[in-house]
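Got this structure open and wondering where its labels come from? Let's go through some of them, one question at a time.

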Amino acid sequence: KNSIKAVEKELVTCNLQRKEKAALRMSQIFQIQGGKDLETKVIVVLGKAGMGKSILVQKICQDWSNGEFSQFEFVFWFDCKQISLPEKRYSLKDLLLEFFVKPQDGSKEIFEYILQNPAKVLLVFDGFEGLHDHENFPRCLGSQHEKGLYSVKELLSGLIQKKILNGCTLLLTARPKDKVYQYVSKVDKAIEMVGFSPHQRELYITKYFEGLPYCDNALKLIKECEYLFSHCYSPVMCRFVCFLCETVLEVGGKSLPSTLTAVLLKVVHQKVICMQTDVTAMQNQESLATLANIAWYLGEKHQSAMRSDLLPSKEVKEFALKYGFFLPFALPKHSDTGEEEFGSTFSDFFIQNFLGALHLMLAEEMKDKNLTKYLSFPSKKKKPSNWLDLVPRFLSGLLFLQDDAYFCSLSNKDAKQSAKKQKTLLKYIKRLQINELCPERLLELLHCIYETQSSYLFQHVTLRLKPDLSFLGVVLTPPDVHVLHSILKRSREEFSLDLRNSSIDMQGLKDLVGLKNVASFRASLSDTVRLWKSLEQTEDYELLRASTEKFVLDPFKAKTVKDVSDLSDLVEMQEKMINCVQDACGCSSYEIPAIKNLRKVEFALGPVCGLQGFLKLVEILAAFPLLQHLDLDALSENGIGDEGAKSLSEVLPTLTSLETLNLSQNKITDVGAEKLATALPALSSLKTLSLYNNSICDFGAENLAKVLPEMASLRVLDVQYNKITGVGAQQLTDSLRKCPHVKNLLMWNPTIPYGVLEHLQQLDSRISV
């Protein structure tokens, strides 16, 4: 572990906080700008379970076989959950040419060609999290790595560290929470799959039922159950819901289950119970219980696959394969005996999680008091397992479905034991300090309570939510938004929501903002503008006005050029909205409150984009009449220079409410200081002016000294760490005598002799050194 910590300091972590949604063509996946041609390129595709990562890489392989991606002459695809199973050792040649595809002849020549032309090789490792036990992930290989024998993890480590086949392209898929970047020193491109949009959900459902007599009814039925429709953003869940809807419609049903647990329960029931006899019912219950035990056992080890010969019995194996719980796959032939081996993997993530929860319900050794440790929301420090993170939701749901006919058909569980476990869950939730939970744990708790459909628990949690709910930087999926919306609308309290960098979709933002008891909200500017434009197009002027009045912008911090562009779009949106709101309510003019009331702007773009972004910001500063604090001092410096100072001086007279102007560390010289000096007296409210650590000399100090008496509201002036000499310092001191309103002049400069500065301080105690 210590060695890993040492290595982590050298790693480059990819930050997806400021990611942008965009449609990406398949051909763009491998387009990398600025990469070295001779170095291995690492592309990471992230996505929650069920988002379609495996389908994507299979499509890439298929397209390559049809002539696409001609830059690659060789494509090797590995399913990590399968290749991690055998405790065997391979050479690089074995991994590439023996594991799945074995050439009929010429293996040696092909391998030599691959070694000489690594740029023509694409290696796909699907399900990087399948290589479990990452704590022992190897960091280095021997010098004879091309001929030596290694575990799959060691070979993958060598590829990532560019010690093997340097120059190839690596495509890794993983779940967002997995520590991919802990083991990859450099990621050249990161893509995150976010699932279906509402339109794509409808398209998938329509295609699924295409040609069937109840096609239109199916879409209507699914959309009526808003919670299930929200889960259809996940391709795998969309398939589940469609399958369930199909079975319901075939028997003339008119409604779908209201929770995810009920959906999985009914799907499992549909798989197992159909066409079974009384004789097989007991056998199926026993096999299902055994399979649930396996699901839990593998999940705790971060696995979803196992060798088929390790299954406890032939009956369990046949049961799992017959009803689609398991999918079989072939392992490479044993090097000693030549015998072929087979493995089995759970058909999908949701089934394994559901069965894991079922195990906690059915297992005799799982006492009711021990259940709470498997819920993932109590601790702020302990993170939930990324392999079984749906188990708490399914467990909560099953505890409140134990009298359900479907559950009873799958289990011969003692009802009294289940009732005890339900009471344990209720007591546990009642003891939780809900208002102290971090956003992720709070969302998990809300999901668990939603699965119970318990009116008591709904009421319990709504009474204990804190009024300020921040989901800053927490990804909110459509189901998250639906659950949060369901809880908030039950409450009589008012809430303030922070939804910035949450990747919330427009429909979700609209739903939350539309709640009457959501008094205010913050969201990413691009999402907010997109919402307002949509409301304008649909002529929903009532919600448009309500949402603008709830929107909060202050304080605003610009970290990228896009942030400034989004703020500019917001100002432009205000001009367009005047006519809309005027028509709706008869007002002669309209100002978006968030723009009107913006008090503080922090600018932190850094030296590369600082000037470019600031010039764009200056164009809209006049739109904020109550702006009090303009801070251009970022830790990385912004470097707006004289050009930026000149542009700012032109707009300063309009900022009559400005009280603090921080221009520290911006490479401003005498030229910029002169321009600023002409405009500063117009700032009738300015109290603090900081020009700390610039390049201002005596001429700039002279210009500031001239206007200092005219700045009647100024209390603090900071000109430390410039290039002012004793001459400029004397001029500022002389001017200070005419300014009784100034309380503090910070003037230490390395170019001012200490004796001179000490003398000036004795003359006026307001001078600080």
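Q: How do you know that β3 and strand β4 (residues 169-174) are paired?
A: Two strands pair if there are at least two bridges between them. Here, in what is a predicted model, four bridges join β3 to β4, and the two run parallel. So they clear the cut-off of at least two. One of the partnerships is F125 with L172 in β4, and L122 stands opposite T169 in β4.

Q: What makes β2 (residues 74-79) a partner of β3?
A: Again it's the bridges: six of them join β2 to β3, in parallel. The cut-off is at least two, so this counts as a pair. For example, D79 has D126 in β3 as its bridge partner.

Q: What makes β1 a partner of β4?
A: Six bridges join β1 to β4, and these strands run parallel. Pairing takes at least two bridges, so the label fits. One contact to look for is L46, whose bridge partner in β4 is A174.

Q: Why is strand β3 (residues 121-126) called mostly covered?
A: A residue is buried when its relative accessible area is under 20%, so that is the test here. In β3, six of its six residues are buried. V121, L123 and F125 point one way, while L122, V124 and D126 point the other way, and all are buried.

Q: How do you know that both faces of β4 are covered?
A: Look at each side in turn. T169, L171 and T173 lie on one side and L170, L172 and A174 on the other, and all of them are buried. That's why β4 is described as mostly covered, with six of its six residues buried.

Q: Why is the contact between K162 and E39 called a salt bridge?
A: The label needs a side-chain nitrogen of Lys or Arg within 4 Å of a carboxyl oxygen of Asp or Glu. For K162 and E39, the closest N and O atoms are 3.2 Å apart, so the pair passes the 4 Å limit. This pair links distant parts of the chain: K162 is in the loop between α6 (152-160) and β4, E39 is in the loop between α1 (2-8) and β1 (41-46), and they are 123 residues apart.

Q: Why are K162 and E39 called partly exposed?
A: That label sits between buried, under 20%, and exposed, over 50%. K162 comes in at 21% relative accessibility, so it counts as partly exposed. E39 has a relative accessible area of 28%, so it gets the partly exposed label too.

Q: What makes D505 and R201 a salt bridge?
A: Their side chains meet at 3.8 Å, N to O. The limit is within 4 Å, so the contact counts. D505 lies in the loop between β10 (495-498) and α22 (506-513) and R201 in helix α8 (residues 198-208), so the pair ties together parts that are 304 residues apart in sequence.

Q: Are D505 and R201 buried or exposed, and why?
A: Buried means under 20%. D505 has a relative accessible area of 18%, so it is buried. R201, at 4%, counts as buried as well.

Q: How do you know that R500 and D498 form a salt bridge?
A: Their side chains come to 2.7 Å, N to O, and the cut-off is within 4 Å, so they form one. R500 counts as partly exposed because its relative accessibility is 24%. D498 is buried, because its relative accessible area is 11%. In total, the structure holds 18 salt bridges.

Q: Why is K423 called exposed?
A: Exposed means over 50%. K423 has a relative accessible area of 55%, so the word applies. K423 is in helix α18 (residues 415-431), and it helps form a positive surface patch with K420, K427, K430, R431 and R464.

Q: Are D403 and L371 buried or exposed, and why?
A: D403 has a relative accessible area of 70%, so it is exposed. Its place is the loop between α16 (391-399) and α17 (405-410). L371 is at 4%, so it is buried; look for it in the loop between α15 (349-362) and α16.

Methods:
Residues are numbered from 1 along each chain as its sequence is written. This is a predicted model: local features need pLDDT of at least 70, side-chain atom pairs count only at pLDDT 80 or more; totals for chains, interfaces and linings use all residues. Side-chain values use heavy atoms; hydrogens and water are left out. Patches are made of residues with over 30% relative accessible area and no salt bridge: like charges are joined within 9 Å, nonpolar side chains (Val, Leu, Ile, Met, Phe, Trp, Tyr) within 5 Å. Accessible areas come from the Shrake-Rupley method with a 1.4 Å probe; for residues, only the protein chains shown count as cover. Lys and Arg count as positive and Asp and Glu as negative; His and the chain ends are not counted. The place of a charge is taken as NZ of Lys, CZ of Arg, CG of Asp or CD of Glu. Buried means under 20% relative accessible area, exposed over 50%, partly exposed in between (1.4 Å probe, protein chains only).
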